[in-house]
Amino acid sequence: MVAVLIKIFGTENIELAEDVVQDALVSALETWKYRGMPDNPRAWLYRTARNKAIDIIRRKKHSKTIDFSDPERKLLTSEYTLASTMNDFWKEQHIQDDFLAMMYACCHPDISQENQITFILKSLCGFSTKEVAKSFLTTEDTISKRLYRTKEYFRKHKIRPSIPFPKEIGTRTSVVLSAIYLMFNEGYNSTHDDQLIRKDLISQAMWLCKSLLDSERTQLPEVYALMALMCFHAARIDSRITEEGALILLADQDRSIWNTELIALGSKYLNQAAFGDTLTTYHLEAAIAYQHCTASSYDATNWKEILRYYDLLLKIDNDPIVFLNRCLVLLELNGPEEALFMIQEIKDHKILNKYYLYHAILGEIHERLIQPDEAIKSYKLAIELTQSKSEKKLLSRKIAHILN
Amino acid sequence: MKEFLMLIRGGQEKYNSASPNNMQKHMEHWQQWMGSLAQEDKLVGGQPLINEGNTMTEGGKKVTDRPFAEGKELVGGYLLIKADSLAQATEIAKDCPSFEYDCSVEVREIAPMG
């Protein structure tokens, strides 16, 4: 609803759009309290918002708030065409398009990824500023500032939400996908929250991706691949933490509680991702996740196949984190000596040296090589570097395990 | 580009007795016509008018609570458009949807003063 209203009033008037939605919801609550819920609450809300928008247009017709120079908006200024132009904005097909268009506007390449996600959560997912602040474990003030900056950017550059042309849809979609994936990861492995898993963020990310898949123009292979990837990851959510909120490693997870429906859904999406000749990191990550999800036990995991995917991943993007994860696969497939040899290749990497997982994996390798002192040293360093309480607990358990 | 005023007269009576379906169709024609003018950046503005009104005469002293014109002479709406010449503005006016209801359209150029 906000997306439609932003289309009507322009990105420079986002507050106005939010106010109308707020007003419509308040009227709904007041009216429904006495007359009961209407048969089609959605249509009722849309109609109410539409009427409020008409009031605002009539009131602001001669003010400079709304830019009526746009041909589509020009028709809103005349009573000859106001009502039917307004009705056009609220057609089902347009509502869906506006939603996607707003998603692309939020993910404008010039807007920082943090601000992109903040704005998506606020304007498209209906999060309050407080909820967004909670998602990022920051203050409402910071979030307000981020929102303000994005709104200013829209205003200054007169960004018009639109679904990109086929020529550029690939590059623009990749920015949208990485925002969605980042949101998912924040939910899946919360970096700065007491809660390790945040299902609200996970479901929002999946919902956003699904809405891309619902429109023909944005049904790209990489979108299917990301959707598959998220399904596979989400299928394992419940087995990842104990009731007390402690982390459970893949090897120790109860595979019987993995969500088979989500795994099946993920497989379906992965098949759909296979058309065309696009091979993205999402395809490969999904393929890896698929291998994990379909292995009957940790030992039965097809590490060989997984290693092959990691090799392909490194070919697309020489990402040190991927390299690090590949070391883990080598550890399982070829043993700790080879893993140690490989991981030493990146021991001087600046970012990795500050990344807890690097030290955690190094600790694991040393543990397997029965070098307890080295292992404990690495685990301790990893504990210092992670902010997640669950990760800290898990690593402390590993140290305790060696000492016993 | 010059600006022109279109005064649309008459047609209200016939329109008011049209079926809801035909009224709807008529508004769609307006939508299409004005939409294409807006697309070509020729539309400045315009509004339909309500029949009731006041007419002042005798230096504003006398107020008659209706427009002087009757029926087909009554101004029912106006449009401000951009065009290169009176001829072009006239061509545009020929497509006015209200001709369906027997209106007349007067096209006048906005006079630059001073």
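**Entry 1: loop residues with positive phi**

I looked up Ile370(A) and placed it in the loop that joins α20 (356-368) to α21 (372-385) of chain A. The model is a predicted one, and I read the backbone angles with that in mind. Phi of Ile370(A) is positive, about 55 degrees, although the residue is not a glycine. I then asked whether Ile370(A) is buried or exposed. Ile370(A) counts as exposed because it has 10 C-beta neighbours inside 10 Å, and the cut-off for exposed is 12 or fewer.

I noted Lys158(A) as a second non-glycine residue with a positive phi, here near 45 degrees. Lys158(A) lies in the loop between α9 (140-157) and α10 (166-188) of chain A. Lys158(A) has 11 C-beta neighbours inside 10 Å and therefore also counts as exposed.

**Entry 2: chain A as a whole**

I counted secondary structure next and recorded 22 helices and 0 strands for chain A. The C-alpha trace of chain A spans about 80 × 45 × 40 Å along its principal axes. Of the 404 residues in chain A, 36% are buried. I also checked the sequence range of the contacts: among those in chain A with a separation of 6 or more, 60% are between residues 24 or more positions apart.

**Entry 3: the nonpolar core and α12(A)**

Which residues touch the most other members of the largest nonpolar core? I found Leu5(A) and Ala228(A), in a core of 117 residues. Helix α12 (residues 221-235) of chain A contributes the largest share of this core, 12 residues. In soluble globular proteins, nonpolar side chains tend to be buried together.

I listed the contacts of Ala228(A), leaving out residues up to four places away in sequence: Gly266(A), Tyr269(A), Leu270(A), Ala273(A) and Ala286(A).

I then turned to the packing of α10(A) on α12(A), where the axes are 11 Å apart and make an angle of about 5 degrees. Angles under 35 degrees count as roughly parallel, so α10(A) is roughly parallel to α12(A). From α10(A), the contact takes Thr173(A), Leu177(A), Ile180(A), Tyr181(A), Phe184(A) and Tyr188(A). From α12(A), it takes Glu222(A), Val223(A), Leu226(A), Met230(A) and His233(A). By class I recorded 8 nonpolar, 2 polar and 1 charged residues in this contact of α10(A) with α12(A).

**Entry 4: the sheet of chain B**

I traced an open sheet of 4 strands in chain B, in the order β2-β5-β1-β6 and with antiparallel pairing. The edges are β2 and β6 (104-109) of chain B; each has a single partner strand, so one side of each is left without a neighbour in the sheet. The twist from one strand to the next averages 15 degrees.

I followed the pairing of β2(B) with β5 (residues 75-83) of chain B, an antiparallel pair joined by 5 bridges. Within it, Leu43(B) has Ile81(B) of β5(B) as its bridge partner. Helix α3 (residues 86-93) of chain B packs on the sheet and touches β1 (2-9), β5 and β6 of chain B. The direction of α3 makes about 155 degrees with that of β6(B).

**Entry 5: where chain B meets chain A**

How many residues does each chain give to the contact? I recorded 14 residues from chain B and 10 residues from chain A. On the side of chain B that touches chain A, α2 (20-39) and β2 (43-48) each supply at least two residues. α2(B) gives the most to that side, with 8 residues. By class, this side of chain B has 6 nonpolar, 7 polar and 1 charged residues.

Definitions and conventions
Residues are numbered from 1 along each chain as its sequence is written. Chains are lettered from A and ligands numbered from 1 in the order in which they are written. This is a predicted model: local features need pLDDT of at least 70, side-chain atom pairs count only at pLDDT 80 or more; totals for chains, interfaces and linings use all residues. A residue is buried if 20 or more other C-beta atoms lie within 10 Å of its own, exposed if 12 or fewer, and partly exposed in between; C-beta atoms are placed from the backbone. Two residues are in contact if their C-beta atoms, placed from the backbone, lie within 7 Å. Ala, Val, Leu, Ile, Met, Phe, Trp, Tyr, Cys and Pro count as nonpolar, Asp, Glu, Lys and Arg as charged, and the others, Gly among them, as polar. Two strands pair if DSSP finds at least two bridges between them. Axes are lines fitted to C-alpha atoms, for helices over the stretch in contact, and angles run from 0 to 180 degrees between N-to-C directions. A nonpolar core is a set of buried Ala, Val, Leu, Ile, Met, Phe, Trp, Tyr and Cys residues joined through C-beta atoms within 7 Å. Angles under 35 degrees count as roughly parallel, over 145 as roughly antiparallel, 65 to 115 as roughly perpendicular and the rest as oblique.
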